[in-house]
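Here's a quick briefing to read with the model open beside you. Pull up the sequence and the 3D view, and we'll go through it topic by topic.

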Amino acid sequence: MLRIQHLYKSYGNFTALNSLSLHVEKGELYGFVGANGAGKTTTMKIAAGLLLADHGEVYVGGIDVRKEPKKLKEKIGYMPDFFGVYDNLKAIEYMEFYASIYNINGKEARKLCLELMDLVNLQDKADRYVDSLSRGMKQRLCLARCLVNNPELLILDEPASGLDPNARFDMKEILKNLCEMGKTIIISSHILSELAEMCTSIGIIKNGEMVLSDSVEGIFSAITMANPVVIQVTEGMDQAANLIKEHPLTGQITIKEPTIKFEFRGEAQDEADLLKMLILQGVSVNGFKREEGNLESLFIELTRKGEKI
Amino acid sequence: MNKLKVNPMLKKEILVSVRSIKLTVLMLIFNIILAAIGLLIFSSVLETVRWSGRLDYSSTVSLYITLLVIEFILLAFIVPAITAGTISGERERQTLDILLSTSLSPSRIISGKLMSSIISVILLIISSMPVISLIFIFGGVSGGDILTSVLFLIFITVYAGAIGIACSARFKKTTTATVAAYGSILFLGIGTLFLVGILCVTASIRYPYESNIGLFSLILLLNPAVSLMNLILKQVGSASDFSSGLQEIGVPGFMSDHWLIISTIVQILFILLLLIWSVKRLNPVKKKGRGNH
């Protein structure tokens, strides 16, 4: 549905995107993660036809974003990270204005807009002025607005930013429903735990480059493998430390008696072999496990790599 | 039968503006100023009649001219204020990206914004009709003359509106866009006259009694105030004075005789250029954009 290849974008001397590539399949809910200034908004704006890339290709449903902007806009719904509303416009009128852009007018527009407002739980707010709605309601209204043209791809830039936990939960449920309805969604967020719960795939961007892009399952498997192994030794501390240091799959090692924490690049079988070897060499081990990790720890590890902390 | 397609932006802008108190307040102030000046001149005409016992028709013409000039000046102040915030306001409100991500083309955004501003100003002009009608008490000016003048004022509104929208598309902040729009309109209305005046004085210093500045004089083709002056002088029967005045500063004879038509065509072309430029400026995939990263 969305294919981005070797995308470059710079603002003066600052390189916002550096050969960024990204693939989102139809029906996926793709979480786009990155620190502030990593290039998420730039990527999303380019995909929405709001910004021109210096180099690279962007296709939405097979449409070249640069060559066919009109067709692109029929296929997408875009929600920016910050947006305002019009004064003196009721929620239903706000929706109908956007419906009329797609030549949906009159009773047909009213019916569609009410249905979409129902979808985002705003059916009872149709006659309220938009500027009197809470932030969460405005966000949901904007999401409903994105759906007036029945887009195939929803590009949502931080749709849950600034929302309270209840509003975030509502937003998450709505997005899950939309995904179940067959919409393809690309969403950027800083709330990684929420992305992990609802997304089917996740991409992590750093300094305009995609450092990791995989299915949620794949990423969690990578997270586990990236975490250190922690063993607790009751006897034979020095011997255990030497054996671990000499192991070819071992990386950085930290000793804090009675615990040894070390990076280990092996699979589950390699872990079992290491444990067996320690025991056979007479080390008394009463604890052996990989430290539990989460998306946050992976994100921090990936985005801080090479940086001076 | 196909339904008439109304520009969604125009529809929305009208809906928003009629709900706002701004237009009503503007209309009130506009008419108070116009009526105050109109009634002042009217009472002075009546005073003259009372003292002299006869009506001088040239004073009724001066009432007409004054009202038109005042209306022109008021429009020159009001139109940039209305139009200079149209695009920059969307940008400041952070609604422009949403609009541009939809099927609404930049040309429809610009035309919708311009049309809604023009409609507001047409309302102002129409609302001023009772004051303008003061002229009919004495006669001397035909309904056709007034209609032509009103149409020309609407044209000037479009002209000033196009300048306001171009400034709004160019500058991110409404304040900057408004200042730029006022600056541009002042330059076109007064600056060009001042420039031509300086060139004429310079020419006369070099060659006494000579104020011919050649083709530089054609800069006045862009000046809507000069066109309005030409229209009024035509209506009061002094077009030949205007034409000879233009010829003195170097405007070719054919052009000075048909100044109103030629200047209107030039101004229409300038309006089109401004609007095309504004559309291009707004089109995100035709310019190197700046954005958050």
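Leaving out residues up to four places away in sequence, which residues does A47(A) touch? They are L2(A), I4(A), V58(A), V60(A), V65(A) and I155(A). Keep in mind throughout that this is a predicted model.

**Nonpolar cores**

- A47(A) is a good place to start: along with M95(A) and I155(A), A47(A) touches the most other members of the largest nonpolar core, which has 128 residues.
- There's another core lying apart from that one, made of ten residues, including A240(A), I244(A), I260(A) and V283(A).
- As a bit of background, nonpolar side chains in soluble globular proteins tend to be buried together.

**Chain A overall**

- Chain A mixes its secondary structure, with eleven helices and 14 strands.
- The C-alpha trace of chain A spans about 85 × 45 × 30 Å along its principal axes.
- The radius of gyration of chain A comes out at 24 Å, whereas a compact globule of 309 residues would be near 19 Å.
- An automatic or database assignment splits chain A into domain 1, covering 2–222, and domain 2, covering 228–291.
- Taken over C-alpha atoms, the centres of those two domains of chain A are 46 Å apart.
- Buried residues make up 39% of the 309 in chain A.
- If you take the contacts in chain A with a separation of 6 or more, 66% of them involve residues 24 or more positions apart.

**A closer look at H55(A)**

- You'll find H55(A) in strand β4 of chain A, which runs over residues 55–60.
- Is H55(A) buried or exposed? H55(A) is exposed, because just 12 other C-beta atoms lie within 10 Å and a residue with 12 or fewer counts as exposed.
- Setting aside residues up to four places away in sequence, H55(A) touches H6(A) and Y8(A).
- How far apart in space are H55(A) and E235(A)? The answer is 60 Å, C-alpha to C-alpha, with their positions 180 residues apart in sequence.

**Helix α10 of chain A**

- Helix α10 of chain A takes in residues 268–280, 13 residues in total.
- From first C-alpha to last, α10(A) reaches 18 Å, close to the 18 Å expected at 1.5 Å a residue.
- Just past the end of α10(A) sits G282(A), which takes a positive phi of about 90°.

**Chain B overall**

- What does chain B use for secondary structure, counting helices and strands? Chain B has 14 helices and zero strands.
- The C-alpha trace of chain B spans about 70 × 50 × 40 Å along its principal axes.
- Chain B has 293 residues, and 37% of them count as buried.
- Looking at contacts in chain B between residues at least 6 apart in sequence, 80% join residues at least 24 apart.

**Where the chains meet**

- On the chain B side, 25 residues are in contact with 33 residues of chain A.
- Helices α1 (8–19) and α5 (96–100) of chain B each supply at least two residues of the side that touches chain A.
- Which helix gives the largest share of that side of chain B? That's α1(B), with six residues.
- By residue type, the side of chain B that touches chain A breaks down into eight nonpolar, ten polar and seven charged residues.

Note on methods: Residues are numbered from 1 along each chain as its sequence is written. Chains are lettered from A and ligands numbered from 1 in the order in which they are written. Two residues are in contact if their C-beta atoms, placed from the backbone, lie within 7 Å. Helices (H or I, at least four residues) and strands (E, at least two) are DSSP runs, numbered from the N terminus. Ala, Val, Leu, Ile, Met, Phe, Trp, Tyr, Cys and Pro count as nonpolar, Asp, Glu, Lys and Arg as charged, and the others, Gly among them, as polar. A nonpolar core is a set of buried Ala, Val, Leu, Ile, Met, Phe, Trp, Tyr and Cys residues joined through C-beta atoms within 7 Å. A residue is buried if 20 or more other C-beta atoms lie within 10 Å of its own, exposed if 12 or fewer, and partly exposed in between; C-beta atoms are placed from the backbone. The expected span of a helix is 1.5 Å times one less than its number of residues. The radius of gyration is taken over C-alpha atoms; the globule rule is 2.2 Å times the number of residues to the power 0.38.
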